[in-house]
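User: Please take a close look at a single part here: the annotated C-terminal domain. Start with its extent and work outward to what surrounds it.

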Amino acid sequence: HPSNVQMEGGSVLERANCRAKGGAPGFKVAILGAAGGIGQPLAMLMKMNPLVSVLHLYDVVNAPGVTADISHMDTGAVVRGFLGQPQLDAALTGMDLVIIPAGVPRKPGMTRDDLFKINAGIVKTLCEGIARCCPNAIVNLISNPVNSTVPIAAEVFKKAGTYDPKRLLGVTMLDVVRANTFVAEVLGLDPREVSVPVVGGHAGVTILPLLSQVKPPCSFTKEETEYLTKRIQDGGTEVVQAKAGAGSATLSMAYAAVKFADRCLKGLRGDADIVECAFIESRVTELPFFATQVRLGRTGVEEIYQLGPLNEYERVGLEEAKKELAGSIEKGVSFIRK
Ligand code: NAD
Ligand code: LMR
């Protein structure tokens, strides 16, 4: 067979498998939901990542097509496609990192919580597969509502006896990416020079940019603070409305997911000083999960940073964020425990 899409047979595939097995340096990464709006550009960008030696693309539709397409890129990673539930375990076995953008996106007028009904079950099924087949993998969870799907994943792993909070990360990188972009616009800087910590969670007021801690150090007027906070909190809705029924952020999300996954892989490789924001199990607040800056290493989250000094505006925002987050976390936990 001329492509890598099929699971077996064919000398081309055998050679590719040999190369992967022969210890080509790099990590094995699976994308669950790889044929979707995020999944496709995410798959393309991961195929371009030199740290990846094997890339597994799993979806319940169109995985062979996306795999055939991506597999023609002349980069190092060997690409294999997996279609439908019967192939989930094969997709997951041996993976170092699993990225999950599977699930339905918002339409105008919906909140992320409106996706819970469908996405909670999808995340549960996929995490049961991870517990069975690659319990030591780092999990990057993108499916919304992240504030509930991460607690769902944690409960699934606890039930299976495989839970390690250091390896379960809700992806909030898009909030950081947006914050860097919008703050740079206001400051007249290149976004690549700007770093904004965004804490809390990933929905509305739970998204709390810490504008008092922006690097390089700077200050904002009250109006600028209000404008930036609201724009960052409503960034997802801005895209949902502009797409007018055709989904939510996919391209900027794929970019953010790859940026985050690359940092996780660099941590796994043992690079020093890998610090990013993520939604994780945490004791920084009284809530069991919270997004803050974390240091990533060989075992996943190796250090969780405190919030640092907040100004009055941020202290008020934090209280609001915690109120909403508490309910979303509880909803996720009881979905599995009920
Ligand atoms: P999409 O509908 O374009 O793609 C989702 C893909 O998931 C589809 O290909 C679908 O077939 C697949 N899928 C559905 N059920 C599955 C299952 N059981 N197993 C495997 N795959 C399955 O949606 P999208 O735009 O790619 O968004 C995906 C999710 O990501 C949504 O929940 C969205 O809200 C979320 N999202 C999160 C962030 C974030 O910052 N964390 C940003 C953007 C979007
Ligand atoms: C985003 O922030 O773009 C995503 O969470 C998708 C959405 O529904 O807004």
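Analyst: Helices and strands here are DSSP runs: H or I over at least four residues for a helix, E over at least two for a strand, numbered from the N terminus. The model is predicted.

Start with the extent. An unreviewed UniProt entry annotates residues 172–335 as "domain: Lactate/malate dehydrogenase C-terminal". That span is 48% helix and 17% strand. The C-alpha atoms at its two ends lie 22 Å apart.

Now helix 11, residues 312–337. It has 26 residues, and at 1.5 Å a residue they should span 38 Å. The end C-alpha atoms are 37 Å apart, so expectation and model agree.

Which residues of helix 11 are buried? They are Glu314, Gly317, Ala321, Leu325, Ser328, Ile329, Gly332 and Phe335. An α-helix makes a turn every 3.6 residues, so positions three or four places apart point the same way. The cover over the buried residues includes two helices, helix 5 (116–133) and helix 6 (146–160). It also includes strand 7 (198–200), strand 8 (207–209) and strand 10 (289–297).

Next, helix 10. It covers residues 251–269, and Phe260 sits in it. Phe260 counts as buried because it has 24 C-beta neighbours inside 10 Å, against a cut-off of 20 or more. Beyond four places in sequence, Phe260 touches Asn140, Val171, Met173 and Glu276. Leu210 is 50 residues away along the chain from Phe260, and their C-alpha atoms are separated by 19 Å.

After helix 10 comes a loop to strand 9 (274–281), and Asp273 is in that loop. Asp273 has a positive phi of about 55°, though it is not a glycine. Nine would be few for a core position; the cut-off for exposed is 12 or fewer. Asp273 has 9 C-beta neighbours inside 10 Å, so it counts as exposed.

One more backbone feature belongs here. Lys215 and Pro216 are joined by a cis peptide bond, with omega about 0°. Pro216 is in the loop between strand 8 and helix 8 (222–233).

Now the ligands. Around ligand 2, the residues include Leu174, Gly235, Gly236, Thr237, Val239, Val240, Ser248 and Ala249. Pro105, Arg106, Arg112 and Asn144 are also around ligand 2. Helix 9 (residues 235–243) supplies the largest share of this shell, 5 residues. By type, the shell divides into 5 nonpolar, 5 polar and 2 charged residues.

For "binding site", the unreviewed UniProt entry lists Arg106, Arg112, Asn144 and Arg178. Two of these deserve a closer look.

Arg112 lies in the loop between strand 4 (97–100) and helix 5. It counts as buried because 25 C-beta neighbours fall inside 10 Å. Its contacts, leaving aside residues within four places in sequence, are Arg106, Asn144, Pro145 and Ala203.

Asn144 sits in the loop between strand 5 (138–141) and helix 6. With 27 other C-beta atoms within 10 Å, Asn144 is buried. Beyond four places in sequence, its contacts are Gly103, Arg112, Leu115, Asn119 and Thr149. The peptide bond from Asn144 to Pro145 is cis, with omega near -5°. Pro145 is in the loop between strand 5 and helix 6.

Asn144 also leads to ligand 1. It is among the residues that come nearest to ligand 1, with Gly33, Gly36, Gly37 and Ala102. The shell around ligand 1 holds 33 residues. They divide into 18 nonpolar, 13 polar and 2 charged. Helix 5 gives the most to this shell, with 4 residues. Helix 5 is also among the elements covering the buried residues of helix 11.

Last, the whole protein as a frame. It has 11 helices and 11 strands. Of its 338 residues, 49% count as buried. A compact globule of 338 residues would have a radius of gyration near 20 Å, and the protein's 20 Å agrees. Along the principal axes, the C-alpha atoms fill a box of roughly 65 × 50 × 40 Å. Of the contacts with a separation of 6 or more, 69% join residues 24 or more positions apart.

Key. Residues numbered from 1 in each chain as written. Chains lettered and ligands numbered in written order. Predicted model: local features only at pLDDT ≥ 70, side-chain atom pairs only at ≥ 80, totals over all residues. UniProt positions renumbered as here; feature names shortened; annotations may be inferred. Expected span 1.5 Å × (residues − 1). Contact = placed C-beta atoms within 7 Å. Near = placed C-beta within 6 Å. Nonpolar A, V, L, I, M, F, W, Y, C, P; charged D, E, K, R; others polar. Rg over C-alpha atoms; globule rule 2.2 N^0.38 Å.
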